[in-house]
Amino acid sequence: MTTTEIKTNDRTTAEASTVRPNPTTAAPRLNFAKAAPKAFRAVIGLDAAAREGLDPALVELVQIRASHLNRCAYCLHMHTTDARRAGESEERLHMVALWQEADHFFTAREQSALALTDAVTRIGDAGVPDEVYDRAAVHFTEEELAHLLALIFTINTWNRIALSTAKRAGTDER
């Protein structure tokens, strides 16, 4: 395919934009933590601060959901593994991807957090609708809501780091 075809054929352009590197065959990319240690430590600090006061099971559900939406296999593997170790059921882990259709697996609080995760992660689609934000505000104190938002920001950052640097699922390099 030529560059001209990519520019003139809308279908080809859309297909070309969804191509992702295959981390199992891609050439190694930079080690973000080593190349930008201050930035890496700053994200770790935000991550740690975001988790304060939030239920660890909820933290994992949010991280799993954002990783699904961002198609980040590395983070999805890491957080489902962490969730299992923390006692999360396989049944609920399988339902996170389809939480809206399987809402009976999740509490109203968890559903509101997952809805907020969807909206913030897909912020370019429609922003964060008032009804989604208001639903979360019913279930979380202002401080908890701020921490939940910070958690969503953080997992989206981690997803982008892992995807940009072609981290390989299952390696769990932390």
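Which helices are included in what covers the buried residues of H5? In this predicted model, that cover includes helix H4 (37–51), helix H6 (73–85), helix H7 (90–95), helix H8 (108–121) and helix H11 (142–164). Helix H5 itself, residues 56–70, reaches 21 Å from its first C-alpha to its last, close to the 21 Å expected at 1.5 Å a residue. H5 is mostly covered, with 12 of its 15 residues buried, among them Leu61, Ile64, Arg65 and Leu69. After H5 comes Arg71, whose phi is positive, near 60°.

Two of the covering helices, H6 and H11, pack at an angle of about 125° with their axes 8 Å apart, and are therefore oblique to each other. In this contact, Tyr74, Cys75 and His79 of H6 meet Ile155, Trp158, Asn159 and Ala162 of H11, and the residues divide into five nonpolar, two polar and no charged.

The count of salt bridges comes to seven, including the three tabulated here.

| Salt bridge | Closest N to O distance |
|---|---|
| Asp118 with Arg65 | 2.7 Å |
| Glu90 with Arg84 | 2.4 Å |
| Glu88 with Arg92 | 2.6 Å |

In the pair of Asp118 and Arg65, Asp118 lies in helix H8 and Arg65 in helix H5, so the pair ties together parts that are 53 residues apart in sequence. Asp118 is buried, with a relative accessible area of 8%, and Arg65 is buried as well, at 6%. By contrast, Glu90 counts as partly exposed at 36% relative accessibility, as does Arg84 at 38%. Glu88 is buried at a relative accessible area of 14%, and Arg92 is buried at 14%; these two residues are linked with Glu110 in a network of salt bridges.

How values were computed:
Residues numbered from 1 in each chain as written. Predicted model: local features only at pLDDT ≥ 70, side-chain atom pairs only at ≥ 80, totals over all residues. Heavy atoms only, no water. Helix = DSSP H or I, 4+ residues; strand = E, 2+ residues; numbered from the N terminus. Expected span 1.5 Å × (residues − 1). Buried < 20%, exposed > 50% of the residue type's maximum accessible area, 1.4 Å probe, protein only. Contact = heavy atoms within 4.5 Å. Axes fitted to C-alpha atoms, helices over the stretch in contact; angles between N-to-C directions. Parallel < 35°, antiparallel > 145°, perpendicular 65-115°, else oblique. Nonpolar A, V, L, I, M, F, W, Y, C, P; charged D, E, K, R; others polar. Salt bridge = Lys/Arg side-chain N within 4 Å of Asp/Glu carboxyl O.
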